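Reader: I am new to this structure and should like to understand the terms applied to it. Please explain each one as it arises.

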Amino acid sequence: MDDPHYLSGLQLAGRRVVMVGGGSVAQRRLPRLIRAGARVELVSPHTTPSVSAMADAGELVWHERRYAEGDLTDAWYALACTDDPEVNAAVCAEAERARVFCVRADEGESGSAVTPASGRHGGLLFGVLSGGEPLRSAAVRDSILDALHAGTVADGRVAPRGDQPSVDLPGVALVGGGPGDPDLITVRGRRLLSRADVVVVDRLAPRELLDELAPEVEVVDAAKIPYGRAASQDVINSTLIEKAKEGKFVVRLKGGDPYLFGRGFEEVLACAEAGVPVTMVPGITSAFAVPAVADVPVTHRGVAHEVVVVSGHVAPGDPRSLVDWSLLAGLRGTIVLMMGVERLPQFASALLDGGRPADTPVAIVEDGTMRTQRALRSTLGQVAEEAAAAGVRPPAVIVFGPVAGLAK
């Protein structure tokens, strides 16, 4: 038998929606109703902490009591989400009399409406119904979202390539690609990457993502290999500007987060000065993500109350250094050192000279989140020697502090 449902989109902005029940089902359903602009009234003697927080923030009105006949008066839409079948049945019965469409969470087919498995992507909102098989609906929804994110299914807004660039996406998108694993780029970053005409990519950006690009996409290598060959930042800036002024949509794909030692804001300023609009897409920073995948939390209750992220681009004592290493040495919490492999002996000495104990735990995570990831655990007094013996090479994140010794 064909599914008897008629799939439709409801305009709920400013309209009264009543939800009965404040448990986990309500917690899942409420955010979309709030985002749609519905005037939500919740009837329930108890709620989850998250639902209570929505009420405290003024996102909904909470009537802290049990459901009573008449609660659906003037409602446009209702949801029966309690764990009591009798209450849910009573809500649906009132809704039927009042001609208000009602979702019944515990017995979907007993209500007059069914909530689809819905997805949102680039201005699209779509739903999937499968005639009483919610897991199947969710699986199909997820497959569609994955395809849209990967660009293997067109979302209807991508203009033809070649002589007709993506005029609906002007300028440059500055996209943080995350710590290396291609699955750790943000959803928005992956979507914009799939619509690029030109991709200007760094060496530490997730390189597997380039294989997903259409053949027509121009890839510009802006690789910056530490202490070796480098593309001038001025050349990168001019490339972004020139390609964007040709009417092409340019994605600047960087590793980690563009604003954490990534010179991202330099590129934003250059584009702004040239009149080129920029879309900023933050990324998961390797400063925190790489230690995490190696079981090093940069904070832990009762262990570390501060985290300092430091660039190792220049050595302690270098006139160009903006870091007070003596002050850092006096801290008790976590120091995360980026780009510090080559000068590790100097950084370790600076911390020791400043009074940091020699037995302070240290963790070095090389190629974090990648297949080649490896970790070295040591102490401040031994780390320089042991890292050299192990042949540690960049890219690597170095963590100093008690958190580095939590997981043996």
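Reader: What makes the contact between E218 and K243 a salt bridge?

Author: A salt bridge requires a side-chain nitrogen of Lys or Arg within 4 Å of a carboxyl oxygen of Asp or Glu. The side chains of E218 and K243 meet at 3.0 Å, N to O, so the pair satisfies that definition. E218 lies in strand β10 (residues 218-221) and K243 in helix α6 (residues 233-245), so the pair, 25 residues apart, links distant parts of the chain. Helices (H or I, at least four residues) and strands (E, at least two) are DSSP runs, numbered from the N terminus.

Reader: On what basis do these statements rest, and how are residues numbered?

Author: This is a predicted model, in which local features need pLDDT of at least 70 and side-chain atom pairs count only at pLDDT 80 or more, while totals for chains, interfaces and linings use all residues. Residues are numbered from 1 along each chain as its sequence is written, and side-chain values use heavy atoms, with hydrogens and water left out.

Reader: Why is K243 called buried or exposed?

Author: Buried means under 20% relative accessible area, exposed over 50%, and partly exposed in between (1.4 Å probe, protein chains only). K243 has a relative accessible area of 16%, and is therefore buried. Its partner E218, with 29%, is partly exposed.

Reader: How many salt bridges does the structure hold, and what is the distance between E69 and R97?

Author: The structure holds 18 salt bridges. In one of them, the side chains of E69 and R97 meet at 2.9 Å, N to O. E69 lies in the loop between β3 and β4 and R97 in helix α3 (residues 85-98), so the pair ties together parts that are 28 residues apart in sequence. E69 has a relative accessible area of 57% and is therefore exposed; R97, with 55%, is likewise exposed.

Reader: What makes R136 and E133 a salt bridge?

Author: The closest N and O atoms of R136 and E133 are 3.7 Å apart, so the pair falls within the cut-off for a salt bridge. E133, at 41% relative accessibility, counts as partly exposed. Elsewhere, D202, R252, K254 and E267 are linked in a network of salt bridges.

Reader: Why are β13 and β16 said to stand at the edges?

Author: Two strands pair if DSSP finds at least two bridges between them. An open sheet of 5 strands has the order β13-β14-β17-β15-β16, with mixed pairing. β13 and β16 (374-379) each have a single partner strand, so one side of each is left without a neighbour in the sheet.

Reader: How do you know that β15 and β17 pair?

Author: Strand β15 (residues 361-366) and strand β17 (residues 396-400) are joined by 5 bridges in the antiparallel sense, so they meet the requirement for pairing. Within this pair, A363 stands opposite V399 in β17.

Reader: What makes the link between S311 and H313 a polar contact?

Author: A polar contact is a pair of N or O atoms within 3.5 Å; within protein, one must be able to donate a hydrogen and the other to accept it, and residues adjacent in sequence count only if both atoms are side-chain atoms. The side chain of S311 reaches the backbone nitrogen of H313 at 3.1 Å, so the distance lies within that limit. S311 lies in strand β13 (residues 307-311).
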